[in-house]
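Hi,

Here is the structure I promised to pass on. Have a look at it, and then read my notes below.

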Amino acid sequence: MILAFAVAAAVLFGSGAYLLLKQDLIRMVAGIILISQSGVVTIIAASLSRGRAAIDVAPGERVSDPLPQALALTALVIGLATVALLLALVHRAIVVFRTAEQDELAATEAEHEAGLERRRQADREEIESDPDGERAP
Amino acid sequence: MTAHLPALQVLVPLGCAPLCLLLRRFRTVTWLVFLLAALSSLACAVLLATRVDDGPLHYEMGGWPAPYGIEFVVAGFNTPVLLVVSVVAVVAAVYARRSVGDEVDDRRAPLVYTCLCLTLTGLLGLTVTGDVFNAFVFLEISSLSTYALIAMGRRRRALLASFRYLVIGTVGATFVLIGIGFAYAVTGTLNMADLADRLTDLDGNRALYAAVVFVFVGLAVKMAVFPLHAWLPAAYGEAPSAVSTFLAAASTKVAIYVFCRFAFTVFGAGLVFTTMPVGEVGLLLAALAMLVGSAAACFQRDLKYLLAWSSVAQIGYIVAGISLATAAGVSAGYLHVINHAVIKGALFGAAGLLVLRLGSARLDDLAGLGRRMPWTFAAIVVTGLGLVGVPPTAGFASKWALVSALLDAGAWPVLVAVLASSLLALVYVGRIVEAAWFRDPPADLPADQPRAPVSMVAAVWALVLLSVYFGIDASLPGGLADAAAAALLGTGGA
Amino acid sequence: MVRVIARLLPGPSLMFAAGLIAKGYAEVGDGFAAGVIVALAVALAYVALGAAGAEAALPALRHAPKAAVGGLLLALASGFFPLLLGDPPVTHRPGPGEHVTTIGTLELFTPLLFDLGVFLLVIGVLTVLLHHLARSREEAAR
């Protein structure tokens, strides 16, 4: 593995991990993109070699390893699918919670739960004050 | 056609996934397609299981010979996993019809079945593949469809659960990918058997150590081993019930199998357990998982979250058995994989019945329902006793095997953790029983609630009866587990 | 300027993609790379013109779901058909070493169908994604 590739993978992973620790969901998506790219860079670095395509080679010629390209491609496609799903989820979360900050997400969630709990409590009290179990329509 | 069974095992569910998407106007048909996929994979798994006695089956995709093409391998070590996944898939399919109809809105139901087909494809593919990169691809197929399935849960929190799992899971998958990259760099091959051959000459290679660490940390995320379990409770707690039934029973189990496959048949037990301290680390984390998981389960207010935390503890048992790296330990781990899949599948199924009837699975809402829903709660109690490990349940059989394996290896501290965790399991199962039978039912309980659909109750009870049967007569799962351990450790079979 | 390019780019990108598929088995290139190139041109159209504008300028984009499903089926069919003939899946015809009919550098054999399927699938899926992400932002803005 060439040093440049190792450094590139490390920097990508490091920046991705840093972004993952952020509060903003969009930044976390960017972090995931960087981290999955670091995996791809590692795969390429693992076996980079230049030469002719590995089909019908004359003996003694340098052959390029065809696998890393296929592997990197597959990893890229998977990364693409992950990012698409992630963006769809974040979009949905923003529509539902009206924020993309983790703290605020937690806060709206807690508020929502408390609201539900109050409603349950109210239901219970209403029933207790109305022992026949007949509910208002 | 029978020669192609290993390929059909994976390709039929894969082909069914786009079919579900195409037929999305007809909701019942999409369900039928998923049921068909599950049944066909069960048929393949059973046929394959009867054939591996004569030795492992190798199948070359596209007719490309083994070290170059992708190879599928079916042997003693993966038939139990194939059987578990496909049995659970069939049960989940029967269960899903009414459960998904109730919890997911009609437009999205076909998507659920599409993703279930893909998850099934991924899990089965991960089990049969003999190629490390192909394993990564199937890992991601199953994970991506799992994230989508979890996001379809009924509450808004399901989105956050899915997001968290997606982030953690993707980092884990990238670790696996980087590990595979290192392994490829030092050996130049991706075929598992070929890798194992070439690795024997590479004693003391640092890149190889890095590969082992990366792959195992990545897999630990998918296995939900203790410090990396954080995604699991919310994911299983928020997913639609049919999905959590399937995932809780199948997905972590497959990840555990992949761990075994890498540890014993790729990197080799000598490197992983003797040169590197994976066994010791595994035992330590397993013990912590048992204690933390069971303790956290005692404090949950929602039945599904309680069950999910208990899964964290149960995974600890399995990891403890495997980390011993002895025949008895690995066999006990496999036995618990089978038994826990059946037990947890039944429990999550029963929780789904409660969700269907009450709209939630909060323990407070279960007050006094034991007499109203006798079948559901009987299922919970029988399988709950299995979680605790009371004889003669299936849980007892595997826990006994684990305890004797631990005794043989002299791992006393882990043994203490197993016993403590079992006591805590008694506490959390007791909480369910207390809520259901010993509390007064709320006054507002309408007298004529809709009855639980027969198909769902039947699916749950099929698993319950299976767990009881495995408790009374452990020869079938025990035989499978022993064969798996023998194949992995190379003392026979493969 | 960007808008004009965005309107015109899909044409040449299709040509380039066709070239990539045609020479894919002798040199660098395959259905996936070709699909991504066209999808990039489509993405530029979506960014420059917005969802409604892009679909008005390039009406073919409305058929993206069909392209995705059709491509998927084509790819799966070309992978599965050997099973019917009793060969393992993804075996290709004509087999290795047999005579392959060629048109220029384009070799006519079943992996070509697979690549075409992948090409359509990539374009279709990416366009559907762009469509949904672009449209929902416009809806949110409204």
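In chain A, 50% of the contacts with a separation of 6 or more are between residues 24 or more positions apart; two residues are in contact if their C-beta atoms, placed from the backbone, lie within 7 Å. Before going further: this is a predicted model, where local features need pLDDT of at least 70 and side-chain atom pairs count only at pLDDT 80 or more, while totals for chains, interfaces and linings use all residues. Residues are numbered from 1 along each chain as its sequence is written, and chains are lettered from A and ligands numbered from 1 in the order in which they are written.

Back to chain A. It has 4 helices and 0 strands, and its pattern along the sequence reads α-α-α-α. (Helices are DSSP runs of H or I with at least four residues, strands are runs of E with at least two, and both are numbered from the N terminus.) Of its 137 residues, 23% are buried, meaning that 20 or more other C-beta atoms lie within 10 Å of the residue's own, with C-beta atoms placed from the backbone.

Now the neighbours. Where chain A meets chain B, 28 residues come from chain A and 26 residues from chain B. On the chain A side, helices H2 (25-46), H3 (67-97) and H4 (102-128) each supply at least two residues, and H3(A) gives the most, with 12 residues. That side divides into 18 nonpolar, 8 polar and 2 charged residues. Here Ala, Val, Leu, Ile, Met, Phe, Trp, Tyr, Cys and Pro count as nonpolar, Asp, Glu, Lys and Arg as charged, and the others, Gly among them, as polar.

The contact between chain A and chain C takes 5 residues from chain A and 4 residues from chain C. The chain A side there has 4 nonpolar, 1 polar and no charged residues.

In chain B, I looked at helix H5 (residues 132-151). All 20 of its 20 residues are buried. Its end C-alpha atoms are 29 Å apart, which agrees with the 28 Å that its 20 residues should span at 1.5 Å a residue, since the expected span is 1.5 Å times one less than the number of residues.

Chain C mixes things up, with 5 helices and 2 strands in the order α-α-α-α-β-β-α. Buried residues make up 36% of its 142 residues. Among its contacts between residues at least 6 apart in sequence, 70% join residues at least 24 apart.

Over to you!

Conventions. Buried ≥ 20, exposed ≤ 12 C-beta atoms within 10 Å, placed from the backbone.
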